[in-house]
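Welcome, and please have your viewer ready. We will go from one selection to the next, with a short note on what is there at each stop.

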Amino acid sequence: MADAGFFRGTNTDQDARFYNKEKKLLKTMKFPANFGTKVDMSKVSLDTIKPWITEKITDTLGFEDDVVVEFLFNMLESDQSPDPRELQLNLTGFLHSKNARLFMEELWDLLVSAQGNIGGIPTKFLEQKKEEIRQRKLEQERIQENLKRQEEMEREILERRQREHEERLAREEEER
C-alpha cells in the first residue's frame, strides 16, 4: 500500500493540511459591533464615499497608496453585500490590525448610514455639506454687511466734503 491509504475517503474539510486559514483568522480577530448590520451596495452611492476612503487610507499610511485604495474599491464594488469582517481581514496586511479595525468601523458606519438615506449618501456627509453651506452663507452675509458699512462711510465722507465745500463757498461769498 504505497498510496497513503489512510487518507482515502477524506475530504479537504477533514484534512488539517487543507484547513481554511481565513476562517481560523476570522475567529481570532476582534470586530466592531456594527458589523452585524448588512449593507446592500446597490443602495449606496460609492462615488461619494471614495474621496473619504482615499483620504483616510492616505492619512493612516502616511503616504498615498493607490494599490490599497483600488483594492478596497474593487472589494466593495464586486459584491452586492460585502462581508465587513473579510474586508477588515484583507486590509489588516496593509493597515495593521488596530488601524484596519478603526478604519473599517468608520467605513461601515458610513455605509450603513448611506444605505438608509434616499440618495445613498451618508448622513455625516450631508450634515458636513449643510454646515459648509451655512458657513458660506454667513460669510456672504458678513461680506455684504461690510460692503454696506463701507458704502455708508464713503457716503458720509462725500456728504461731509460737500457740506464743507458749500460752507467754504458761502464764506467766500460773504467776504466779497
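Begin by selecting Leu 107. Leaving aside residues up to four places away in sequence, Leu 107 touches Ile 49, Trp 52, Ile 53, Leu 72 and Leu 76. Keep in mind throughout that this is a predicted model.

**Step back to the whole chain**

Now colour the protein by secondary structure. You will find six helices and zero strands, so along the sequence the pattern reads α-α-α-α-α-α. The protein has 176 residues, and 23% of them count as buried. About 13,100 Å² is exposed, with carbon and sulfur atoms supplying 50% of that area. Among contacts with a separation of 6 or more, 63% are between residues 24 or more positions apart.

**Select the nonpolar core**

Leu 107 is a good guide to the next stop. Which residues of the largest nonpolar core touch the most other members? They are Ile 53, Leu 72, Phe 103 and Leu 107, out of 27 residues in that core. The elements giving two or more residues to this core are α2, α3 (66-78), α4 (84-95) and α5. The most come from α5, which gives eight residues. As a general point, nonpolar side chains in soluble globular proteins tend to be buried together.

**Select α2 and α5**

Show residues 46-61, which form helix α2, together with residues 97-116, which form helix α5. Two packed helices are described by the angle between their axes and the distance between the axes. Here the axes come within 11 Å and cross at roughly 170 degrees. An angle over 145 degrees counts as roughly antiparallel, and α2 and α5 are therefore roughly antiparallel to each other.

Next, turn on the side chains where the two helices meet:

- On the α2 side, pick Ile 49, Trp 52, Ile 53, Lys 56, Ile 57 and Thr 60.
- On the α5 side, pick Asn 99, Phe 103, Glu 106, Leu 107, Leu 110, Leu 111 and Ala 114.

The residues of this contact divide into nine nonpolar, two polar and two charged.

**Select α3 and α4**

Move on to the pair α3 and α4. Their axes come within 11 Å and cross at roughly 175 degrees, and these two helices are therefore also roughly antiparallel to each other. From α3, the contact uses Val 68, Phe 71, Leu 72, Met 75 and Leu 76. From α4, Leu 87, Asn 90, Leu 91 and Phe 94 take part. What kinds of residues make up the contact of α3 with α4? Eight are nonpolar, one is polar and none is charged.

**Select Ser 78**

Stay with helix α3 and find Ser 78. Is Ser 78 buried or exposed? Its relative accessible area is 61%, and over 50% counts as exposed, so Ser 78 is exposed. Now add Met 41 to the selection. Ser 78 and Met 41 are 37 residues apart in sequence, and their C-alpha atoms are 9.5 Å apart in space.

**Finish at Ile 121**

For the last stop, go to the loop between α5 and α6 (123-175), where Ile 121 lies. With 26% relative accessibility, Ile 121 counts as partly exposed. Not counting residues up to four places away in sequence, Ile 121 touches Thr 48, Ser 113, Ala 114 and Leu 126. Ala 114 also appeared among the α5 residues that meet α2. Finally, add Leu 46: Ile 121 and Leu 46 are 75 residues apart in sequence and 8.2 Å apart in space, C-alpha to C-alpha.

Note on methods: Residues numbered from 1 in each chain as written. Predicted model: local features only at pLDDT ≥ 70, side-chain atom pairs only at ≥ 80, totals over all residues. Heavy atoms only, no water. Helix = DSSP H or I, 4+ residues; strand = E, 2+ residues; numbered from the N terminus. Buried < 20%, exposed > 50% of the residue type's maximum accessible area, 1.4 Å probe, protein only. Contact = heavy atoms within 4.5 Å. Areas by Shrake-Rupley, 256 points an atom, 1.4 Å probe, with all protein chains shown as cover. Axes fitted to C-alpha atoms, helices over the stretch in contact; angles between N-to-C directions. Parallel < 35°, antiparallel > 145°, perpendicular 65-115°, else oblique. Nonpolar A, V, L, I, M, F, W, Y, C, P; charged D, E, K, R; others polar. Core = buried A, V, L, I, M, F, W, Y, C linked by side-chain atoms within 4.5 Å.
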